[in-house]
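Reader: I have a few labels to check against their criteria. Show me the structure, then justify the terms one by one.

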Amino acid sequence: MAQQQTLSDRHLGLARRAFFEHGGAPVGKVPETILRSWVRCQRQGLAAEQAPHIEPVPAARLQEMRERHEKLWRLARAELELLSSDAAATGSIVILTDEDGWILDAEGSASFLDRAGRVALMPGACWSEAQVGTNAIGTAIVEGRSVVVHGGEHYLTPHGILSCSACPIFDPYGLPVGVLDISGDSNVQHMHALGLARLAVANIEHRYFDEGIPDAELLRLHRDPALLGTAREGLLAFRSGRLVAANQAGLQLFGLDRSELGRAPYAALFEDALGKLRDDGVLLDRQGRALHGRVEDGQARPRRPAARPPITVSAALTPQPADAPLFDPLQEADLVRACRVLDAGLSVLVQGQTGTGKEVFARELHRRCARAGKPFVAVNCAALPEGLIEAELFGYEDGAFTGARKNGNPGLLRQADGGVLFLDEIGDMPLALQPRLLRVLQERELSPLGGGKPIKLDFALVCATHREMQQAMGEGRFRPDLYYRIAHHTVHIAPLSANADRAAVVDALWQRLGQGRRLTEQARQQLADYSWPGNLRQLGACLRTLVALSEPGALVGVELLPAYLHDLRPAASRAQTPANPMLASPATSASPLEALAEAAMRQALAECDGNVSRAARKLGISRSTLYRRLGQDLHGKPH
């Protein structure tokens, strides 16, 4: 592989010299997409050897851009979170831009984010082709399709450190709204990056139809009925007998492109009348193919999910939507208690490692509480720029500061009025801002920046953090008086590594995400044996990746599992280690994560004065798990 990479780099170097030094056209030496882009950039007068002057916009301007593209960011958020765990593990980053190439968000490997920052590949920077030359984001916008730009294929020499795969995002009417890009080190092979980006974009574009197409009939179709309801189903909206909106899967069913939107008539695509699909769930196209599906009136549907019985791991083995929450019996009990606390006007603090599903828990708590149907406003205290967090939370009046929006900003606290305010990563809130939040929680009113009459507020408060709050208070990073205001009731979400039956979790998630594929027993066992430091978020991202890399109905084996799941130790060493690391004794466990889990168990046991039952409840695990992990240390301890 390294030899092939070296050979490819040598050919690319020859192609660059032929083009940039001798004015030749290295046809066949670089992809046609890259060559077309080089020609465009050269005609615009870009100098390949000079570093571009890319100046990210100020934080206030970036925030305005994010607000302007709120729908795109909201619909893309789930994909960014799922991909970010895999990106972090492979030393790459996931990027979301608007339709002009302005970067709205970037997540993933912290170390590569630093390297990318050296060439201004960061939020607030514009990566249009006209400004920074050939690159996956800008070139995908110009070409209107997915693009990979590797190393020296970038027009500007300083960008040769990057390997980028980008896919444009289109709204239902065929208009470009953004780009999703996965970028990493050009010295590392990123074989599946483009496939993952395309899958994520298909999911995003699918969500654009969730609110309906006004005054249109929306058809959900596929030749395979098992794929209905997934991002692979074709979506076509007809208004007055003419195709006005569609996703890429819908266009591909008929060999159409986006230029046909607004032009293609229904009668040119289908043999049967639309009523047959309503009555029989099947429709024949002009080629005589049977398409399964249903018709919707296209009007916006309420976003609040219908009431349903609580989901447990065992119940989740029946088909559930891929984004439905997954709760085990202990979490179900936690939800019931937390709901009663929230309805009593008290605050709830959710603690757990990154990726354990703290926000999922909070959203389900909102769905079940007395304020269901009212606003749920989520604020990531760690993501907001420190200079803007006060203005974003509390709002401001017109002219409160330089760059303030005309007519001011009501603020996120006011948007949550009547509903639930969710403050994520509350442990990372700047210390200087904590007294003002405390005052708002005490008085239930706020005064916007720049003056103005105090405004009364009514919201339920749920906070979450991965920090150890006792330690943060002891180090002076978090005010104790604020902590006791936000932690009337505390819920601890246990990490996936502490779950004694990870196989059941794998089965439940795969039932939702696998789209009819099956796992071999060996693949299932390796998935269950892994400790998942990224918790449910990492596991979900891994399973989605397996779906992207396999065909419908396939049997998915260990060869598709990511590298971190393959045990590379000698067979003799493996034979001495239990298949399930949860069963390993302290003396034989080789995983630092397992050692940390065991230390947490011992600490919880000490804090509970040796009471096994209380320690297990605090950790969110069963007593039997504690007995298995700590063995003789528990002999004679009270239950």
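Author: Start with handedness. A crossing is right-handed if the near helix is turned clockwise from the far one by less than a right angle, and left-handed if anticlockwise. Keep in mind that this is a predicted model.

Reader: Which handedness does the crossing of α18 and α19 have?

Author: The crossing of α18 and α19 is right-handed.

Reader: Why are α18 and α19 called oblique to each other?

Author: Helix α18 spans residues 502-513 and helix α19 residues 521-529. Their axes cross at roughly 120°. Roughly perpendicular covers 65 to 115 degrees, and roughly antiparallel starts over 145. The angle fits neither class, so the pair is oblique. The axes come within 8 Å.

Reader: Which residues of α18 and α19 meet?

Author: Arg502, Ala503, Val506 and Asp507 of α18 meet Arg524, Leu527, Ala528 and Asp529 of α19. By class, this contact has four nonpolar, four charged and no polar residues.

Reader: What makes Asp215 exposed?

Author: Exposed requires over 50% relative accessible area. Asp215 has 60%, so Asp215 counts as exposed. The residue lies in the loop between α8 (193-207) and β6. Its phi is near 55°, a positive value in a residue other than glycine.

Reader: Why does Asn535 count as buried?

Author: Buried means under 20%. Asn535 has 1% relative accessibility, so Asn535 is buried. Asn535 is placed in helix α20, residues 535-548. Phi of Asn535 is also positive, near 60°.

Reader: Why remark on a positive phi?

Author: Because most residues other than glycine have a negative phi.

Reader: Now the sheet. How do you know that β7 and β8 pair?

Author: Pairing takes at least two bridges. Strands β7 (residues 234-239) and β8 have four, in the antiparallel sense. One bridge partner in β8 is Ala245, opposite Ala237. The two strands form a hairpin with two residues between them. In the turn, Ser240 has a positive phi of about 55°.

Reader: What makes β8 an edge strand?

Author: The open sheet has five strands in the order β8-β7-β6-β10-β9, with antiparallel pairing. Strands β8 and β9 (282-284) each pair on one side only, and they are the edges. Neighbouring strands are turned by 40° against each other on average, direction ignored.

Reader: Is β8 mostly covered or mostly open?

Author: Strand β8 (residues 242-246) is mostly covered: four of its five residues are buried.

Reader: How many bridges join β6 to β10?

Author: Five bridges join β6 (residues 217-222) to β10 (residues 290-296), and the strands run antiparallel. Among the partners are Leu219 and Val295.

Definitions and conventions: Residues are numbered from 1 along each chain as its sequence is written. This is a predicted model: local features need pLDDT of at least 70, side-chain atom pairs count only at pLDDT 80 or more; totals for chains, interfaces and linings use all residues. Side-chain values use heavy atoms; hydrogens and water are left out. Buried means under 20% relative accessible area, exposed over 50%, partly exposed in between (1.4 Å probe, protein chains only). Axes are lines fitted to C-alpha atoms, for helices over the stretch in contact, and angles run from 0 to 180 degrees between N-to-C directions. Angles under 35 degrees count as roughly parallel, over 145 as roughly antiparallel, 65 to 115 as roughly perpendicular and the rest as oblique. Contact means heavy atoms within 4.5 Å. Ala, Val, Leu, Ile, Met, Phe, Trp, Tyr, Cys and Pro count as nonpolar, Asp, Glu, Lys and Arg as charged, and the others, Gly among them, as polar.
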